[in-house]
Amino acid sequence: MGKPVYLDHHATTPVDPRVLQAMLPYFSEKFGNPASRNHAFGWEAEQAVEHARSRIAALIGASPREMIFTSGATESVNLALKGVAEAYQGRGDHIVTVVTEHRAVLDTCRRLEARGLRVTYLPVDREGLVNPDEVRRAITERTILVSVMFANNEIGVIQPIREISRVVRERGVLFHSDATQAVGKIPVHVEEDGIDLLSFSAHKLYGPKGVGALYVRSRNPRVELVPQIDGGGHERGLRSGTLNVPAIVGFGEACAICQREMEGEGQRLAALRDRLMNRLLAELDEVVIHGSLKHRLPNNLNLSFLGVEATTLMMNVKELAVSSGSACSSATPEPSHVLRALGLPADLARGAIRIGLGRFNTEEEIEYAAGRLIEAVRKLREQSPIYQTMKEKLRSASDAGRQNC
Ligand SMILES: *Cc1c(COP(=O)(O)O)cnc(C)c1O
């Protein structure tokens, strides 16, 4: 058997061959340390890093000096949340975030709670969306930061970032967004979107693993941060440690490609995604799509086939690399916190598979994936004596639900 069709681009993306080509000279040939100020090896590396910084900043409408390089989005989020919490501890001790955030945000918030801060976790509606009015109500005199992800890594739902940032900044509170799934896929612009801190990562946008960035607003307002890693004072003292030059060069190239190709690629992927979805809906019954279809990344599909467990389904379609729940929590058997936040019953949440299309997926691969999923779901349902009973139970439950609304 050849390799499975890769449909898990929310977990990571392959390095684009153009990105790899751009990186290669920076391993053995142009290997200098950009902090070496006294010779050409250092200058060459520094120039490459600054060129990459400009390209990365351009993709999000920032100025290059507002970008801090990190090891990835997890570190960026940690620096943003912990750095703000420490720098503004004289002003307040309250953070507002959302239940469907990535664990990078949620676990960092837990850590801050253990240090004595208070965190409000806002709910989402059945579509996975945060209500800006709830953000407004959650903000108090003690609030220093609101953190709302741009797009969700499981259900691809895009939050109303501009409405939320307007509410947050009206109150003079800082606004951070984990935009790891959004940057390079949909337009993200820190000025137009009213963002003060923004986290993202190269390996989700066809760059290498192990490098990310944190955007830190330098004026209107100027954001203060307490560094979380001390040392040689790199990155304006906010993140010490020798820069990963080849990775940063690749990150820059990846962002430049996204800037040029994002719009066309988004349209192509949305069309492929819709084609896959429509075939599944046409050829199978009791398919439930999770999260808003309107406010959604072009490459995401997250759905359950009633009566079919995600893990069983995936074992039966080894030709497809998809994910159940969230990749980060797939070691634990509990249904994903994101799907539970949508109010899904546990069995439907456990049945959910996440499909993330990407740059190199072809039409043939998507048709093949649709065919394999349809075949496997039919087979598993035939083998499942409880499928018919479940189907009736769900029908009456959803009828009752409708009457209640
Ligand atoms: C992947 C991801 C992260 C973590 O990024 P790393 O670069 O792997 O640390 C954080 N948030 C979201 C939304 C993600 O999708």
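These questions and answers concern a predicted model and cover its ligand site and some backbone features.

Trainee: How many residues of the shell around the ligand are charged?
Mentor: The residues around the ligand include Gly 72, His 102, Asn 153, Asp 178 and Lys 204. Asp and Lys belong to the charged class, whereas Gly counts as polar. The shell divides into eight polar residues, two nonpolar ones and, as charged residues, two.

Trainee: How much of the ligand's accessible area does the protein cover?
Mentor: Polar side-chain atoms approach the ligand at several points: one of Asp 178 lies 2.7 Å from a ligand nitrogen, and an N or O atom of Gln 181 is 2.6 Å from a ligand oxygen. For the side chain of Lys 204, the distance from an N or O atom to a ligand oxygen is 2.7 Å. On its own the ligand has 380 Å² of accessible area, and the share covered by the protein is 87%.

Trainee: Is Tyr 206 buried or exposed?
Mentor: Tyr 206 is placed in the loop between β7 (197–201) and β8, and its phi is near 70°, a positive value in a residue other than glycine. Buried means under 20% relative accessible area. Tyr 206 has 2% relative accessibility, so it counts as buried.

Trainee: In which loop does Glu 235 lie?
Mentor: Glu 235 also has a positive phi, near 50°, without being glycine. At 9% relative accessibility, Glu 235 counts as buried. Its loop is the one between β8 and α8.

Trainee: Which residue does a cis peptide bond join to Asn 220?
Mentor: Omega of this bond is about -10°. The partner of Asn 220 is found in the loop between β8 (212–216) and α8 (245–283). That residue is Pro 221.

Definitions and conventions: Residues numbered from 1 in each chain as written. Predicted model: local features only at pLDDT ≥ 70, side-chain atom pairs only at ≥ 80, totals over all residues. Heavy atoms only, no water. Near = heavy atom within 4 Å. Polar contact = N/O pair within 3.5 Å; in protein donor to acceptor, adjacent residues only side chain to side chain. Areas by Shrake-Rupley, 256 points an atom, 1.4 Å probe, with all protein chains shown as cover. Helix = DSSP H or I, 4+ residues; strand = E, 2+ residues; numbered from the N terminus. Buried < 20%, exposed > 50% of the residue type's maximum accessible area, 1.4 Å probe, protein only.
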